[in-house]
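Colleague: Could you give me a close look at a single part of this one? I'd like to hear about the long helix's surroundings and the ring pairs, in whatever order suits you.

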Amino acid sequence: MITLEQYVGTYAASPSWTAEYKDNAARLLAACQLLSGLAEDDGVVFRINPKTKTQVGGITNGGFRPAECPVGARRSNHKTGHAVDWYDPSEAIDDWCMSNLDKLKACGIWIESPKHTHGWSHWQNLPPSSGNRVFIP
């Protein structure tokens with residue numbers, strides 16, 4: 001499970017880390033805990049990222065990203081507490097997600113297409129503009 005502290009990472013002192021975004025992140029992480037628990041029940045292992053020392057993907061920007069962060073899209077859901085990247089070096093998380101879209105729907109999670117997320121699995125709790133459960137960024 002990714003904690004709120006792990007999610008915000010090095011950006012805890014950022015003025016962008018508002019009470020609203022903390023609440024968004026808490027709701028996101030609760031949905032992630034439900035879905036990751038289902039995946040773990042099926043044998044998926046959520047590995048620790050050697051760069052972040054958590055299950056958050058990337059080096060520093062797989063969780064929350066402040067408004068001034070140049071990584072990712074300008075309107076990224078990471079910047080409002082609605083998206084997280086799981087460390088997924090073997091693609092096991094994405095493989096499980098693609099086989100369990102009904103469970104993603106039940107937990108209120110959408111993912112970026114695994115074809116575009118090599119080494120991480122992007123989960124968000126807001127639908128993309130396409131509305132597709134699996135979307136192309």
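Modeller: Sure, and let me start with two rings: phenylalanine 46 is buried, and tryptophan 86 is buried too. Bear in mind that this is a predicted model. The ring centres of phenylalanine 46 and tryptophan 86 lie 4.7 Å apart with the planes at 65°, so this pair is edge-to-face. The cut-off behind that label is an angle over 60 degrees. Phenylalanine 46 sits in the loop between H2 and S1 and tryptophan 86 in strand S1, so here the pair links distant parts of the chain, 40 residues apart.

Those two rings also have a neighbour in the helix. Serine 36 lies in helix H2, and it touches Phe46, Trp86 and Trp123, leaving aside residues up to four places away in sequence. With a relative accessible area of 5%, serine 36 is buried.

Now the helix itself. H2 covers residues 19-41. For its 23 residues, 1.5 Å a residue should give a span of 33 Å, and the end C-alpha atoms are indeed 33 Å apart, so expectation and model agree. The buried residues of H2 are Asn24, Ala25, Leu28, Leu29, Ala31, Cys32, Leu35, Ser36 and Ala39. As background, an α-helix has 3.6 residues a turn, so residues three or four places apart point the same way. What covers the buried residues of H2 includes helix H1 (4-8), S1, helix H3 (92-99), helix H4 (101-107) and strand S3 (119-124). After H2 comes glycine 43, with a positive phi near 100°.

Next, the other ring pair I'd pick out. The structure holds 6 aromatic pairs. In one of them, the rings of tyrosine 21 and phenylalanine 64 have centres 6.4 Å apart and planes at 50°, so the pair is tilted. This pair also links distant parts of the chain: tyrosine 21 is in helix H2, while phenylalanine 64 is in the loop between H2 and strand S1 (83-88), 43 residues apart. The two partners differ in cover: tyrosine 21 is partly exposed at 21% relative accessible area, whereas phenylalanine 64 is buried at 0%. Ring pairs also join Tyr7, Trp17, Tyr21 and Phe64 into a cluster.

Lysine 79 belongs in this picture as well. It is placed in the loop between H2 and S1 and is buried, with a relative accessible area of 9%. Lysine 79 touches Tyr21 and Phe64, and its contacts also include Arg65, Pro66, Ala67, Cys69, Val71, Ala73 and Arg74, not counting residues up to four places away in sequence. Looking the other way, the C-alpha atoms of lysine 79 and alanine 106 are separated by 24 Å, with their positions 27 residues apart along the chain.

One more ring deserves a mention, though its partner is a charge. The charged end of arginine 133 sits over the ring of tryptophan 110, 4.2 Å from the ring centre.

Then there are two backbone spots you may want to click on. Most residues other than glycine have a negative phi. Lysine 53 has a positive phi of about 60° although it is not a glycine. Lysine 53 lies in the loop between H2 and S1 and is exposed, with a relative accessible area of 64%. Glutamate 91 also has a positive phi, near 65°, and is not a glycine either. Glutamate 91 is found in the loop between S1 and H3, and at 19% relative accessible area it counts as buried. The cut-off for buried is under 20%.

Finally, here is the whole chain around these details. The protein has 4 helices and 4 strands, and from the N terminus on the elements run α-α-β-α-α-β-β-β. Its radius of gyration is 14 Å, close to the 14 Å that the globule rule gives for 137 residues, so the protein is as compact as a globular protein of that length. Along the principal axes, the C-alpha atoms fill a box of roughly 40 × 35 × 25 Å. Buried residues make up 48% of the 137 residues. Among contacts between residues at least 6 apart in sequence, 58% join residues at least 24 apart. The protein exposes about 7,000 Å², and carbon and sulfur atoms supply 56% of that.

Technical notes:
Residues numbered from 1 in each chain as written. Predicted model: local features only at pLDDT ≥ 70, side-chain atom pairs only at ≥ 80, totals over all residues. Heavy atoms only, no water. Phe/Tyr/Trp six-rings, centres within 6.5 Å; stacked < 30°, edge-to-face > 60°. Buried < 20%, exposed > 50% of the residue type's maximum accessible area, 1.4 Å probe, protein only. Lys NZ or Arg CZ within 6 Å of the ring centre and 35° of its normal. Expected span 1.5 Å × (residues − 1). Contact = heavy atoms within 4.5 Å. Rg over C-alpha atoms; globule rule 2.2 N^0.38 Å. Areas by Shrake-Rupley, 256 points an atom, 1.4 Å probe, with all protein chains shown as cover.
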